[in-house]
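User: Please take a close look at the paired strands of this model, and then follow the chain outwards to what lies around them. Give the cut-off for each term when it comes up.

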Amino acid sequence: MEKLVPSPLIQALKKHKYNMVGIHSAVKRCKWFYEALTTGRSCYKQKFYGINSHQCIQMSPTLFYCTQQCLFCWRAQNRDLQITWDEMKLPRWDPPEKIVDGILKAQERILTGYKANPKANPRKFREALRPKHVAISLTGEPTLYEPLGELLRILHARGMTSFLVTNGTLPQKLANMGVEPTQLYVSVCAPNEQVFRCVCRPQIPEAWARLNETLSLLPSFRCPTVIRSTLVRGKNMECASDYAKLIAKAKPTYIETKAYMHVGFSGLRLGFDNMPSHKEVLDFAKDLSEKTGYKVIDESEDSRVVLLSKRERPLRFGSD
Ligand code: SF4
Ligand code: SF4
């Protein structure tokens, strides 16, 4: 890995508790994994979709690589740390089988730290030894990983569900995956091209047109689809009608509006003031609801996220 990206970057990521897997993937313990094991609290995806937080692996197959440099991203970006590397230069790929084995081992190592923790719930600890879900959402753009479809196939064959989050700038990759995730997220974090350029800072030409192509593709997916908007106060919380037009094109099963959180490397680019309150996110969601016809059906104040849906109730995948 050191040969592909500068080693100070690897050290910085390790300090941020990224567990490297192979040459371009990583697992990071999610805050909610810890909470679920030690306090019984769980993430909003458990609340909305039944995904058990303590049986979830948060990972990325493209830790250092992305087609955008979103202001709000918690990923270390080129130049953030005065370290430069080519975020678009794809390395040689680890085979998907190796990545799946590697993330399971990394999760096991993370869990070992809880064995002697008196706060850890013993039943949940035992269950956590058998992960049931993989959130491909940690950082980076996963569709840059060529064998992504095969990775999904292996995860599903091993009895795990998958939620895949993409920025939608590589529509052809998405269209040709061959295997669908259990649930597909497309990030839409700007109502129009001008805001998109400022907030999502694309690194490839015609990224806005490509995102729109992905939105047009979305209705062809059989799995539930989600438009996820990370809302940044003072940056992209205007023009709900324009967001509504994008949503009309994509016809997603759900919309999630979520507050930007001042965490990770985003702290180098944005301030605490850019985090909207839960009420601001809810107000925005209600406005969107009026303009799209989607209903506000759930929310999580802890994560400052609101779920809008065409369905009365979301589909649930876990066993909780
Ligand atoms: S679904 Fe997301 S928030 Fe919930 S435990 Fe997994 S990684 Fe964390
Ligand atoms: S698309 Fe995702 S990984 Fe890429 S810069 Fe934006 S938030 Fe970060």
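Analyst: The answer begins with how the values were obtained and then goes from the strands to the helices, rings and ligands.

This is a predicted model, in which local features need pLDDT of at least 70 and side-chain atom pairs count only at pLDDT 80 or more, while totals for chains, interfaces and linings use all residues. Residues are numbered from 1 along each chain as its sequence is written, chains are lettered from A and ligands numbered from 1 in the order in which they are written, and side-chain values use heavy atoms, with hydrogens and water left out.

Start with strand β10, residues 305-309. Strands (E, at least two residues) and helices (H or I, at least four) are DSSP runs, numbered from the N terminus. Five of the five residues of β10 are buried, so the strand is largely enclosed by the rest of the structure. Buried means under 20% relative accessible area, exposed means over 50%, and partly exposed is in between, with a 1.4 Å probe and protein chains only. In a regular strand the side chains alternate between the two faces of the sheet. In β10, V305, L307 and S309 point one way, while V306 and L308 point the other way.

Two strands pair with β10. Strands count as paired if DSSP finds at least two bridges between them. Strand β8 (residues 254-259) pairs with β10 in the antiparallel sense over five bridges, and Y254 has S309 as its bridge partner. Strand β9 (residues 295-300) also pairs with β10 in the antiparallel sense over five bridges; here D298 is partnered by L307. The hairpin of β9 and β10 has four residues between the strands, and R304 takes a positive phi near 50 degrees in it.

Strand β3, residues 56-60, is mostly covered too, with five of its five residues buried. C56, Q58 and S60 point one way from β3, and I57 and M59 the other way. On β3, two bridges join it to strand β2 (residues 25-28), and the two run antiparallel; A26 stands opposite S60. The pairing of β3 with β4 is parallel and has four bridges, with M59 opposite I136.

Strand β4 (133-136) also appears in the cover of helix α6, along with α4 and β5 (161-166). Helix α6 spans residues 148-157, and its buried residues are L148, G149, L151, L152, I154 and L155. After α6 comes G159, whose phi is positive, near 80 degrees.

Another helix, α10 (residues 240-250), contains I247. This residue is buried, with a relative accessible area of 4%. Leaving out residues up to four places away in sequence, I247 touches I227, P252, I255, L288, T292 and Y294; contact means heavy atoms within 4.5 Å. The C-alpha atoms of I247 and I297 are 17 Å apart, and the two residues are 50 places apart along the chain.

Now the rings. A search of the whole structure finds 12 aromatic pairs. Rings of Phe, Tyr and Trp (its six-membered ring) pair if their centres lie within 6.5 Å; planes under 30 degrees apart count as stacked, over 60 as edge-to-face and the rest as tilted. Y34 and Y114 have ring centres 6.1 Å apart and planes at 50 degrees, so this pair is tilted. Y34 lies in helix α2 (residues 31-38) and Y114 in the loop between α4 (96-112) and α5 (122-128), so the pair ties together parts that are 80 residues apart in sequence. Y34 is partly exposed, at 26% relative accessible area, whereas Y114 is buried, at 6%. Y44 and F48 form an edge-to-face pair, 5.4 Å centre to centre with 65 degrees between the planes. Both lie in helix α3 (residues 44-49), four residues apart, about one turn of the helix, and both are buried. Y44 and F48 belong to one aromatic cluster with Y49, F163, Y185, Y254 and F317.

Over the ring of Y185 sits the charged end of K45, 5.0 Å from the ring centre. A charge sits over a ring if NZ of Lys or CZ of Arg is within 6 Å of the ring centre and within 35 degrees of the ring normal.

K45 is also one of the residues around ligand 1, together with C30, W32, C43, S53, C56, Q58 and A135. Being near a molecule here means having a heavy atom within 4 Å of it.
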